[in-house]
Amino acid sequence: MSKIKEHCGIVGIHNVPDAPRIVYETLKFLQHRGQESAGITFLDKDRLSTVKGLGLVEDALDPIILKSSNFSIGHVRYSTTGRGVIDEAQPLSDGKIALAFNGTIPNYINYNVRIDTEFIYEVLKNQEDIRQGIRKLVDVADGGYSLVVLTNKGELIGLRDPKGFRPLVLGKLGSGYIIASEDSAIRQLGGIVIRDVKPGEMIYIKNGSIESEIVARDEVHFCSFEYIYFSRADSIIDGVSVYRARVRLGEILAENHPAKADIVVPVPESSVPIALGFSRKSGIPLEYGLVRTSVSKRSFIMPSQDKRESIVEEKFGVVGEVVRNKKIILIDDSIVRGTTMKKLVKLIRENGASEIHVRIGSPMIRYPCYMGIDFPNKKELIANDKNEMEIAKSIGADSVEYLSIDEMIKAIGRQDLCHACFSGMYPLKHSYDFSKLSVSMKG
């Protein structure tokens, strides 16, 4: 079986008029975190109702059918397998409790459930009080996660795992409250960001009042890939600007991994600040030699190789007059399978570039992730068994260089980063036989 992990986007709203439709808009602001399915649960009298569908938010959900309610949660799911089935879409609800989950809990395999979301649900529903259920969950769960829970009593709960792998933010929205994966979504709604939910913290909201409880403490290991790729550039996570971190990744890349070239070309969109930092530090002008088309899907999180390749062809255009007869430094945030970069190098060469030197604003991804990102097995990772020269040959570039782990940590400015996908050092409680994980593992 393939070992599947994913990122998702979650949001919960408490005591705000027309909450389901606001959740709908928020999910669009979090669309970059998940493209396979979307779902919304809302309180309808004394029962929770759920609507969900496959695809992007605007395709999966019809806002017209959302009833008026002051309480709602939502979820966008990250596409990682070819199994686009509606029963794997979230939120998961029985009418009394609903949950939306971002992350991976690998020790679900020790319980009689199909997927880790079901594991969470079973723990919560088997406790007398929802807060006691959260405490029990933190006690038994391993892995990286954040979640929002809504009950038919109008209780909204937000939880971030004790190691703080996944982001979660608390905000004020009108007379009520919002909990979301990223602060940028809260600000875009016109809300006020209160603060990040702390690692191991449970936020409990009922009747307009907030209670906070640190359920567990542990050594923090925040996902470095949030800064490199996943989060929006206008987000601030635990006090660190994603945009500034990416610019600094580019600056250090230019300092320590230079190349002689005429122009710096970013791969839109997440690598643009990295390229800007590289250009500023190196003095080599930045040019938009690649143009992203209106295709919004992210090829990295498409479920199959053929779909990833077709998306690459659809979503990028080359500005021939910019790259023709030029020595180019092509900047990207990461290389996972090599699918996108190989196609881009080929496209740019076909448009007349004389040299292409690839520079990557992250370390080499050598290991699978078991805390919530789709790096499913070693054989799919181009850097697992190749050095930089071999990767350059494989993708058709004149050279390839990456940041080191220490350079990445310095650039982001946090010492408490998880770098398991680069180093193979997994900050989990226990070791697992990950070959037993189901392909339907959907967080």
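## Cavity and pocket

The largest cavity of this predicted model holds about 100 Å³ of space. The structure contains 1 cavity of 30 Å³ or more. Its lining is made up of Phe165, Arg166, Cys223, Ser224, Phe225, Cys369, Met371, Ile373, Cys418, His419, Ala420 and Cys421. By class, these lining residues comprise 9 nonpolar, 2 polar and 1 charged. Two helices each supply at least two residues of this lining, namely α6 (224-230) and α14 (420-423).

The second largest pocket encloses about 240 Å³ of space. It is lined by 13 residues, and those closest to its centre are Ile97, Gln127, Glu128, Ile130 and Lys153. The lining of this pocket divides into 3 nonpolar, 3 polar and 7 charged residues.

## The six-stranded sheet

An open sheet is formed by 6 strands, arranged in the order β5-β6-β7-β8-β12-β13, with antiparallel pairing. The strands at the edges are β5 (92-93) and β13 (209-214); each has a single partner strand, so one side of each is left without a neighbour in the sheet. In general, the strands of a sheet pair through backbone hydrogen bonds, in either a parallel or an antiparallel manner.

At one edge, β5 is joined to β6 (residues 97-104) by 2 bridges, and the two strands run antiparallel. Leu92 has Leu99 in β6 as its bridge partner.

Further along the order stands β8 (residues 156-160), which pairs with β7 (residues 144-151) over 5 bridges in the antiparallel sense. One of the residues involved is Val148, whose bridge partner in β8 is Gly158. The hairpin of β7 and β8 has 4 residues between the strands, and within this hairpin Gly154 takes a positive phi near 85°. Strand β8 also pairs with β12 (residues 201-206), again in the antiparallel sense, over 4 bridges. Here Gly158 has Ile203 of β12 as its bridge partner.

How many of the residues of β8 are buried? The count is 5 of 5, and the strand is accordingly described as mostly covered. In a regular strand, side chains alternate between the two faces of the sheet. In β8 both faces are covered: Leu156, Gly158 and Arg160 are buried on one side, and Ile157 and Leu159 are buried on the other.

## Helix α11

Helix α11 (residues 339-350) consists of 12 residues. From its first C-alpha to its last it reaches 17 Å, close to the 16 Å expected at 1.5 Å a residue. Its buried residues are Thr339, Thr340, Met341, Leu344, Val345 and Ile348. By contrast, Lys346 and Glu350 are both exposed. These two residues lie 4 residues apart in α11, about one turn of the helix, and they form a salt bridge. After the helix comes Gly352, whose phi is positive, near 100°.

## Salt bridges

Side chains of opposite charge can pair when their charged atoms come close. In this model the count comes to 28 salt bridges. The table lists some of these pairs, with the distance between the closest N and O atoms.

| Salt bridge | Distance (N to O) |
|---|---|
| Asp18 and Arg21 | 3.1 Å |
| Glu211 and Arg131 | 2.8 Å |
| Glu350 and Lys346 | 2.6 Å |

The salt bridge of Glu211 with Arg131 links distant parts of the chain: Glu211 belongs to strand β13 and Arg131 to helix α4 (residues 130-140), 80 residues apart. Strand β13 is one of the edge strands of the sheet described above.

Are Asp18 and Arg21 buried, partly exposed or exposed? Partly exposed means a relative accessible area between 20% and 50%. Asp18 is partly exposed because its relative accessible area is 31%, and Arg21 is partly exposed because its value is 28%. For the other pair, Glu211 counts as partly exposed at 40% relative accessibility, and Arg131 is partly exposed at 22%.

Salt bridges also join more than two residues: Arg160, Asp238, Arg414 and Asp416 are linked in a network. Arg160 in this network is one of the buried residues of β8.

How values were computed:
Residues are numbered from 1 along each chain as its sequence is written. This is a predicted model: local features need pLDDT of at least 70, side-chain atom pairs count only at pLDDT 80 or more; totals for chains, interfaces and linings use all residues. Side-chain values use heavy atoms; hydrogens and water are left out. The expected span of a helix is 1.5 Å times one less than its number of residues. Buried means under 20% relative accessible area, exposed over 50%, partly exposed in between (1.4 Å probe, protein chains only). On a 1 Å grid over the protein atoms alone, a cavity is a set of points where a 1.4 Å probe fits but cannot get out, and a pocket is an open set with protein on both sides within 12 Å along at least five of seven lines; lining residues have an atom within 4 Å of a point. Grid points are joined across faces, edges and corners, and a volume is the space filled by probe spheres set on the points. Ala, Val, Leu, Ile, Met, Phe, Trp, Tyr, Cys and Pro count as nonpolar, Asp, Glu, Lys and Arg as charged, and the others, Gly among them, as polar. Two strands pair if DSSP finds at least two bridges between them. A salt bridge is a side-chain nitrogen of Lys or Arg within 4 Å of a carboxyl oxygen of Asp or Glu.
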